[in-house]
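Me: I am new to this structure. Please take me closely through the small open sheet, then carry on to the salt bridges, a pocket and a hairpin.

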Amino acid sequence: MKNWKRLLIIILLAVLGLAVLLLGAGVLFTDLIVDFWWHSEMGLGGFFWLKLLYRYILFGVVTAFFFLIFFLNFWAASRYLGTDADSFARLGRAEGSRREQLLHLFQTGSMKVYVPLSLILAIVIAIPFYKDWHAALLFIFGPAAGAKDFVFGQDISFFLFSYPVFQLIQREMLIAAVILAIAIALLYWIEHRIAEQGKEWARGARVHLSGLVIVTALIVAWGFMLDRYQLLYTEAHEPQFFGPGFVEIYYHLPIIWLSIISLIGTVLAGLWFIHRRQGLLFALTLGLVFLATLGVRYVAAIPAAIDRFVVKPNPVKTERQYMKNNIDSTLAAYDLTHITNLDIIPGLPDEDVLDPELRTHLYNIPVWDPEFLDDVYQQLQGIRPYYHFTDVDTDRYMINGRLEQVNLAARETNISLLPPAAQNWENTHLRYTHGYGAVVTPAAQDGQTPMHWYLQDLTMQTSNAFNAVERPDIYYGEENLSYAIVPNKLEIVGIPSADEASSFNYTGSGGVPISSLFRKLLFALYFRDEKLFFSVNITGESKALFHRNIVDRVRTLTPFLNFSHDPYIVITPKRIFWIIDAYTISDWYPVSKRSTVRFNRDEDEQQFNYIRNSVKVVIDAFDGHVDYYVNDTSDPIIRGYRNAYPGIFKDMDTLPPLLKEHLRYPKDMFVNQMKIYARYHQQEPELFYEQAETWEFAKVNDAIVKPYFLTTKLEGYQSDRQNFVLLNPMTPVGRSNLSVLAVAGRFGPGAQPQPGQTNGKQIIMYRFSRESQVEGPAQVSALIDQDPEIARQLTLWDQRGSRVLRGRIIVLPVGRSVLYVQPVYIVSTSGTRIPELQRIILSMGNVVVMNASLEEGIVELEKRLKVMRESSPGRLPAAKKPVAPASGPSFSPM
């Protein structure tokens with residue numbers, strides 16, 4: 001009986017000990033475990049393990065490699081010292097015995113000293129590889145780019161993937177070699193001093209040290225070899241051009257080769273002298289040559305003289321090829337090699353501003369500026385104090401059988417809008433857990449009329465424009481949402497939900513189950529929140545929803561991608577979705593000009609000289625599910641990540657059609673491309689050097705005119721549907737007249753993309769002749785200010801408790817003419833701030849009119865233009881249809 005009791009006690013103690021051990025392990029690895037659960041609930045458990053294993057396997061392999069290098073060298077050094085008994089006998093019994101024991105400790109101390117020392121050194125050397133593991137991942141999985149640089153003929157993938165890693169490897173190996181050479185030399189010296197041998201060092205020791213010197217020299221020489229490629233990124237010729245020029249190719253590059261040859265020769269000659277006592281003069285000569293090559297690389301006088309007497313007198317002739325290299329590389333790196341240019345000779349229409357067919361599309365002129373709509377939505381559709389519209393987006397939907405441009409916004413929850421007393425733990429995490437629905441309004445409306453709504457209110461009331469949304473709940477959005485626990489035991493009324501039975505009967509697949517006390521404890525530790533553990537309103541059915549800010553969510557999942565700061569919503573009959581544009585960037589594209597960008601407000605500026613909008617990310621607003629769709633299959637970076645993470649990045653063909661038709665050309669990408677193209681459109685080196693046709697973004701009152709979306713027809717693409725495009729007006733540097741209208745879009749399903757383009761994305765430059773004046777936005781704004789009737793009316797409104805606000809100026813190409821549209825809003829200076837669209841200003845050919853109706857305003861503009869044409873027939877050239885390239889489109893607005 002006693003044996004059974006003792007066995008039972010032992011078993012109970014073992015079980016208890018195991019439970020404590022598991023609990024302690026769970027607490028210790030809380031972040032790791034919860035992160036795994038979070039990936040698994042999205043079906044990405046394998047992705048989680050791959051990310052984890054790649055980093056630690058890489059770190060482990062590099063650490064093991066350097067450990068073996070250090071340990072084997074230390075071990076070999078302890079065996080190479082030659083000693084004999086007579087050496088110690090001459091020191092006397094006591095002293096000889098003491099030194100013999102000390103030397104024996106050096107020779108046999110591999111396990112006690114060399115192993116931990118080698119491990120510590122290896123870990124320190126391997127830490128940079130742990131930090132830059134994504135670069136190493138692309139080094140392993142990155143494919144060939146299929147294009148070569150213009151200087152060395154290397155595949156572009158070498159610079160994107162291999163060159164940064166080679167630099168890291170060379171630097172760390174050089175550090176390891178120097179540490180090792182110093183340590184081994186010191187070890188041999190100490191052992192030699194202990195033995196007090198008058199003879200030369202043992203042959204094995206000399207061979208070992210010679211080998212280390214040779215290896216170190218080879219690593220240094222490899223560094224010089226890599227320095228050649230650094231010439232591709234020199235900024236010495238800015239602002240003329242980026243990259244290597246005449247001086248780099250014909251001066252710096254030969255000096256680098258001479259450094260490599262003289263270094264290797266010096267080391268070999270020096271070792272020959274040490275071992276053979278021959279060739280000292282030759283070794284010294286090579287050493288002086290090597291030092292000289294190092295010195296002249298940092299002497300500015302020589303390249304300055306070459307630049308002054310050879311390059312500057314003949315800049316285009318000597319640098320022509322290098323400027324061309326910079327132009328071609330930069331255009332390729334920024335995806336600007338497939339641009340359609342339309343050269344337009346400006347002129348006014350013969351009769352109507354808009355022909356009858358185009359007049360039917362007035363509903364797509366976006367007179368409502370999203371920046372002003374934000375206040376309208378907040379005041380008229382916020383409805384509850386805890387709802388907030390973070391951002392107003394622009395999109396297009398099929399409404400009553402026609403493609404119409406609309407403004408829309410998601411109604412999200414924001415707990416900070418509640419009174420301070422209501423901002424408690426239970427309300428934050430258990431009650432106000434989600435937003436609800438969205439609002440939609442037409443982009444074009446007349447002034448002095450009530451706001452027209454296509455989708456409104458918490459009832460999701462529609463005007464036959466949208467079908468009812470089955471799941472309008474928004475648990476994931478742009479707000480900085482804290483974690484939520486749903487469903488739970490609370491019975492709350494008044495907070496809308498798609499589930500009629502209970503506001504908190506969450507049925508989505510998202511969220512990590514809190515199905516046990518152990519999980520509850522880990523989540524309390526993970527969120528650093530003890531209230532979660534002690535709350536009695538959390539059930540076994542509850543789930544933890546976290547990383548609910550959609551940008552934070554995708555950044556946490558895929559930190560190697562860069563994401564747009566402007567996600568947009570797509571409303572479908574089933575649910576509301578978010579789409580985010582993701583970019584792959586690199587700072588290592590050869591001979592490409594560098595740019596800086598801040599993708600998100602909370603991020604630092606990033607430098608890059610290569611960019612692709614490679615991925616479209618779709619997030620379900622109800623359950624948080626994330627899908628990645630490859631948008632640019634030609635991008636070698638995203639192909640490398642697809643190889644590393646199979647199954648994560650899906651083909652664009654698998655994107656549901658309801659979502660695919662709402663894809664757009666991203667603003668971030670377009671702005672960065674136009675910054676570069678403003679100068680690099682001058683593709684002939686002579687023009688590029690002159691910079692006579694450089695553009696800049698159009699400005700009004702010193703503020704840049706931001707790109708805006710327009711739903712328009714682009715003829716010539718075998719497509720009878722309208723396209724959703726970005727427009728960006730540009731002017732000559734230092735001037736206000738309109739020089740070009742850049743148009744970017746994903747043209748319709750019937751479109752035939754240009755060679756090399758994917759998914760029909762393209763940029764069209766609507767370029768006006770330099771011989772004729774076309775008013776730019778700033779000039780049109782000045783014309784509006786100078787119009788006496790408009791000035792009188794605006795002054796009248798801008799008083800008596802109201803303030804006049806003029807919206808953005810919209811530039812619309814009409815044939816060979818340009819139509820400008822600017823909305824005028826009135827806002828109360830007291831009480832509730834709700835902008836009201838009051839008038840619409842239209843301008844063409846120095847004629848300005850203002851009307852409450854867009855269509856009536858165009859009729860009035862046509863009459864004024866006709867009168868001007870009749871009074872000055874020779875001064876106003878009539879427009880003819882633009883002549884476009886055979887393969888390119890002509891442009892017709894609206």
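Reply: One term comes first: two strands count as paired if DSSP finds at least two bridges between them. Keep in mind too that this is a predicted model.

Start with the sheet. It is open and has 3 strands. Their order is β10-β12-β11, and the pairing is antiparallel. Two of the strands sit at the edges: β10, residues 484-486, and β11, residues 512-513. Each edge strand pairs on one side only. Now look at the contact between β10 and β12. Strand β12 covers residues 543-545. It meets β10 in the antiparallel sense, over 3 bridges. To find the place by eye, go to V486. Across from V486, in β12, stands K543.

Next, the salt bridges. Side chains of opposite charge can pair when their charged atoms come close. The structure holds 26 salt bridges. One of them joins R297 and D227, with N and O 3.6 Å apart. This pair links distant parts of the chain, 70 residues apart. R297 is in the loop between α11 (280-296) and α12 (301-311), while D227 belongs to helix α9, residues 203-230. Are the two ends buried or exposed? Neither label fits, because buried means under 20% relative accessible area and exposed means over 50%. R297 has 22%, so R297 is partly exposed. D227 has 29% and is partly exposed as well.

Move on to R320. This arginine forms a salt bridge with E684, and the closest N and O atoms are 3.5 Å apart. R320 lies in helix α13, residues 315-333, and E684 in the loop between α22 (667-680) and α23 (685-690), so the bridge ties together parts that are 364 residues apart in sequence. R320 also forms a salt bridge with E686. There the closest N and O atoms are 2.8 Å apart. E686 lies in helix α23, so this pair ties together parts 366 residues apart in sequence. How open are these three side chains to the outside? R320 is partly exposed at 33%. E684 is partly exposed at 41%, and E686 is partly exposed at 31%. Elsewhere, E235, D587 and R594 are linked in a network of salt bridges.

Now for empty space. The second largest pocket has a volume of about 610 Å³. It is lined by 24 residues, and the closest to its centre are A135, I585, S586, W588 and Y641. Which elements give two or more residues to this lining? They are α7 (133-141), α8 (156-195), β15 (576-586), β17 (606-608) and α20 (636-644). By class, the lining has 15 nonpolar, 6 polar and 3 charged residues.

Finish at the hairpin. Strand β29 spans residues 810-814, and 5 of its 5 residues are buried. In a regular strand the side chains alternate between the two faces of the sheet. In β29 both faces are covered. I810, L812 and V814 are buried on one side, and V811 and P813 are buried on the other. The partner is β30, residues 817-828. The two strands run antiparallel and are joined by 5 bridges. One of the matches is L812 with L819 in β30. Between the strands of this hairpin come 2 residues. G815, in the turn, has a positive phi of about 60°.

Conventions:
Residues numbered from 1 in each chain as written. Predicted model: local features only at pLDDT ≥ 70, side-chain atom pairs only at ≥ 80, totals over all residues. Heavy atoms only, no water. Helix = DSSP H or I, 4+ residues; strand = E, 2+ residues; numbered from the N terminus. Salt bridge = Lys/Arg side-chain N within 4 Å of Asp/Glu carboxyl O. Buried < 20%, exposed > 50% of the residue type's maximum accessible area, 1.4 Å probe, protein only. 1 Å grid on protein atoms, 1.4 Å probe; cavity = no way out; pocket = protein on both sides within 12 Å on 5 of 7 lines; lining within 4 Å. Points joined across faces, edges and corners; volume = space filled by probe spheres on them. Nonpolar A, V, L, I, M, F, W, Y, C, P; charged D, E, K, R; others polar.
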